[in-house]
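This briefing goes through the model by topic, from its overall form to individual side chains. Please keep the structure in view while reading the points below.

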Amino acid sequence: MGWARTLLLGDIGNRLDIDDVEQDVESVKQHLQDQRSIDNSQDAALSRLQKENDDLKLCVTGLLRLLVSKNVVTTDELNRFVNLVDPK
């Protein structure tokens, strides 16, 4: 309604327009803050998952080495299993 307010209400209309713009700016700022908070939360969750994945890889590697060292599974058997799970 911008120009109509100014035409009909003069300075009061201008002030109302300015208030509308200020409210819009605050709304955008709040939206950006909310989005940043979501992004930070997702980043933290991703970091936790990456650490958990690294820990699990270490655990599996250690268990596999233990199984090979105790002759529970041979290196060839292990390699065939790995190729079944992760063919390259």
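Accessible areas are obtained here by the Shrake-Rupley method with a 1.4 Å probe. By that reckoning, the accessible surface of the protein comes to about 7,900 Å², and 59% of this surface belongs to carbon and sulfur atoms. The model is a predicted one, and the mean pLDDT of the protein is 88.

**Confidence**

- Of the residues in the protein, 92% reach a pLDDT of 70 or more.
- Among the elements, helix α1, which covers residues 2–9, has the lowest mean pLDDT, at 68, whereas helix α3, covering residues 75–85, has the highest, at 92.

**Overall form**

- The protein contains three helices and zero strands, and its pattern, read along the sequence, is α-α-α.
- The radius of gyration of the protein is 31 Å, well over the 12 Å that the globule rule gives for 88 residues, so the protein is more spread out than a compact globule.
- Taken along the principal axes, the box filled by the C-alpha atoms of the protein is roughly 90 × 20 × 10 Å.
- Buried residues make up 7% of the 88 residues in the protein, where buried means under 20% relative accessible area.

**Helix α2 and the residues that follow**

- Helix α2 runs over residues 11–69, and at 1.5 Å a residue its 59 residues should span 87 Å; the C-alpha atoms at its ends are 86 Å apart, which agrees with that expectation.
- Arg65 is found in helix α2, and this residue is exposed, with a relative accessible area of 62%.
- Just after α2, Asn71 takes a positive phi of about 55 degrees.
- Arg65 and Thr75 are ten residues apart along the chain, and their C-alpha atoms are separated by 9.3 Å.

**Salt bridges**

- How many salt bridges does a search of the whole structure find? The search finds two.
- One salt bridge joins the side chains of Glu26 and Lys29, with an N to O distance of 3.6 Å; both residues lie in helix α2, three residues apart, which is about one turn of the helix.
- Glu26 is partly exposed, with a relative accessible area of 48%, and Lys29 likewise counts as partly exposed, at 49% relative accessibility.
- Another salt bridge is formed by Asp55 with Lys51, and the closest N and O atoms of this pair are 3.0 Å apart.
- Because Asp55 and Lys51 are four residues apart in helix α2, about one helical turn separates them.
- An α-helix has 3.6 residues a turn, so residues three or four places apart point the same way.
- Is Lys51 exposed or buried? At 51% relative accessibility, Lys51 counts as exposed, because the cut-off for exposed is over 50%, while Asp55, at 37%, counts as partly exposed.

**A nonpolar patch on the surface**

- Phe81, Val82, Leu84 and Val85 form a nonpolar patch on the surface, and together these residues have about 430 Å² of accessible area.
- Phe81, one of the residues in this patch, lies in helix α3, the element with the highest mean pLDDT.

Terms used:
Residues numbered from 1 in each chain as written. Predicted model: local features only at pLDDT ≥ 70, side-chain atom pairs only at ≥ 80, totals over all residues. Heavy atoms only, no water. pLDDT = per-residue confidence, 0-100. Helix = DSSP H or I, 4+ residues; strand = E, 2+ residues; numbered from the N terminus. Patch = residues over 30% accessible without salt bridge, like charges linked within 9 Å, V, L, I, M, F, W, Y side chains within 5 Å. Salt bridge = Lys/Arg side-chain N within 4 Å of Asp/Glu carboxyl O. Expected span 1.5 Å × (residues − 1). Buried < 20%, exposed > 50% of the residue type's maximum accessible area, 1.4 Å probe, protein only. Rg over C-alpha atoms; globule rule 2.2 N^0.38 Å.
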